[in-house]
Amino acid sequence: MKFGITMFPTDEAMRPDELAIAVEDRGFDSLWFPEHTHIPASRDTPYPGGGDLPREYARTHDPLVALAFAAGVTERLLLGTGVCLVVERDPIVLAKEVASLDALSGGRVLFGVGAGWNREEMRNHGTDPATRFELLRERVEAMKQIWTQDEATYHGDFVNFDRVWSWPKPVRRPHPPIVIGGAGASALQRVVDYGDEWMPIARGWGAGDLARRVAELRRLAQEAGRGHIPVTAYSASSKPESVEQFAEAGVERLVFWAPPAPADQVLPLLDRYAPLVERYAGA
């Protein structure tokens with residue numbers, strides 16, 4: 001079992017480079033930063049967690065910039081977007097940013113992607129919420145072309161370009177793993193169609209529910225001629241019994257939540273999580 005940490009890297013929280021050092025020193029394998037480009041002041045879309053939208057959603061740093069700071073002060077730590085809202089970004093620019101981070105970090109990027117939930121936010125980027133999943137697929141596919149081809153071309157319903165050159169290429173071959181976020185009805189099919197890993201939000205899930213979804217993923221992958229697809233449980237419980245249940249369910253990595261807070265609040269929590277890393281190493 002592998003373990004990661006996720007935190008909103010806000011202007012009020014522990015610096016991302018300081019957090020990265022602390023996470024790597026305690027043996028975690030990965031650090032994940034979520035994304036919101038902005039939060040519309042007049043928002044009709046309800047917060048999925050219920051109640052008022054937490055303060056950190058409008059205050060987070062750009063995840064790729066924050067991960068670059070993390071990369072510069074670590075050697076082994078994997079750098080994850082948890083998740084990047086690809087439907088709110090230009091795919092040519094984003095391909096360059098991800099490839100640059102992967103090249104400069106020595107191939108340590110885990111590219112978590114999602115279509116988002118805040119409809120007003122995505123509309124401000126010119127994205128129709130009704131077609132966001134199709135847009136997500138095309139942008140990811142287009143980025144793969146840029147990463148793997150010296151001269152890339154892509155034509156879809158939403159993304160179109162002819163014969164482009166773009167370097168650097170990612171160090172990781174053929175490209176950084178595409179980690180598909182989400183747990184909706186069609187999430188598993190998206191993983192099989194164009195993803196390399198699956199990352200559902202585990203908060204509130206029982207191990208039995210997740211085990212059934214993992215088994216379904218294995219079945220879909222086999223039917224599609226795919227090999228093993230790793231599973232990361234995001235925002236997972238750190239209770240030892242839960243860790244064991246997730247491992248039995250077929251989960252390979254658990255990502256624990258840290259609050260967007262100063263170091264004196266975050267570090268004690270990391271210290272509380274850290275014994276799990278040693279206890280379940282190799283499990």
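**Helix packing, loops and backbone outliers**

With a relative accessible area of 60%, R163 is exposed, and in this predicted model it sits in strand β7. Its backbone is worth a look too: phi of R163 is near 45°, a positive value in a residue that isn't glycine.

S235 shows a positive phi as well, near 55°, and again the residue is not a glycine. S235 belongs to the loop that runs between β10 (232–234) and α8 (240–249). At 8% relative accessibility, S235 counts as buried, because the cut-off for that label is under 20%.

Next come the cis peptide bonds. One leads from W167 to P168, with omega near 5°. P168 lies in the loop between β7 (160–164) and β8 (178–181). Another cis bond runs from R173 to P174, with omega near 0°, and P174 is likewise placed in the loop between β7 and β8.

Turning to helix packing, a pair of helices is described by the angle between their axes and the distance between those axes. For helix α1 (residues 16–25) and helix α9 (residues 263–279), the axes come within 10 Å and cross at roughly 20°. That angle makes α1 roughly parallel to α9, since angles under 35 degrees are classed that way. The crossing of α1 past α9 is right-handed. On the α1 side, the residues involved are L19, A22 and V23, and they meet V266, L267 and L270 of α9. Sorted by class, this α1–α9 contact has 6 nonpolar residues, with no polar and no charged ones.

Just ahead in the chain, P259 is found in the loop between β11 (253–257) and α9. P259 counts as partly exposed, because its relative accessibility is 27%. Once neighbours within four places in sequence are set aside, P259 is in contact with M7, V266 and L269. V266 is thus a partner of P259 and also one of the α9 residues that meet α1. As for the N-terminal part of the chain, the C-alpha atoms of P259 and T6 are separated by 8.6 Å, though the two residues are 253 apart along the chain.

H36 occupies the loop between β2 (30–33) and α2 (63–72). With a relative accessible area of 10%, H36 is buried. The H36 side chain makes a polar contact with the side chain of E121, at 2.7 Å. Not counting residues up to four places away in sequence, H36 touches F8, Y57, T60, L85, W117 and E121. E121 therefore turns up both in this contact list and as the polar partner of the H36 side chain.

Finally, M199 is located in strand β9 (residues 197–199), and M199 counts as buried at 3% relative accessibility. Leaving out neighbours within four places in sequence, the contacts of M199 take in W32, T81, G82 and V83, then V179, I180, G181 and G182, plus T232 and Y234. V243 is a useful reference point for a pair that is separated in space: its C-alpha atom and that of M199 are 16 Å apart, with their positions 44 residues apart along the chain.

Key
Residues are numbered from 1 along each chain as its sequence is written. This is a predicted model: local features need pLDDT of at least 70, side-chain atom pairs count only at pLDDT 80 or more; totals for chains, interfaces and linings use all residues. Side-chain values use heavy atoms; hydrogens and water are left out. Axes are lines fitted to C-alpha atoms, for helices over the stretch in contact, and angles run from 0 to 180 degrees between N-to-C directions. Helices (H or I, at least four residues) and strands (E, at least two) are DSSP runs, numbered from the N terminus. Angles under 35 degrees count as roughly parallel, over 145 as roughly antiparallel, 65 to 115 as roughly perpendicular and the rest as oblique. A crossing is left-handed if the near helix is turned anticlockwise from the far one by less than a right angle, and right-handed if clockwise. Contact means heavy atoms within 4.5 Å. Ala, Val, Leu, Ile, Met, Phe, Trp, Tyr, Cys and Pro count as nonpolar, Asp, Glu, Lys and Arg as charged, and the others, Gly among them, as polar. Buried means under 20% relative accessible area, exposed over 50%, partly exposed in between (1.4 Å probe, protein chains only). A polar contact is a pair of N or O atoms within 3.5 Å; within protein, one must be able to donate a hydrogen and the other to accept it, and residues adjacent in sequence count only if both atoms are side-chain atoms.
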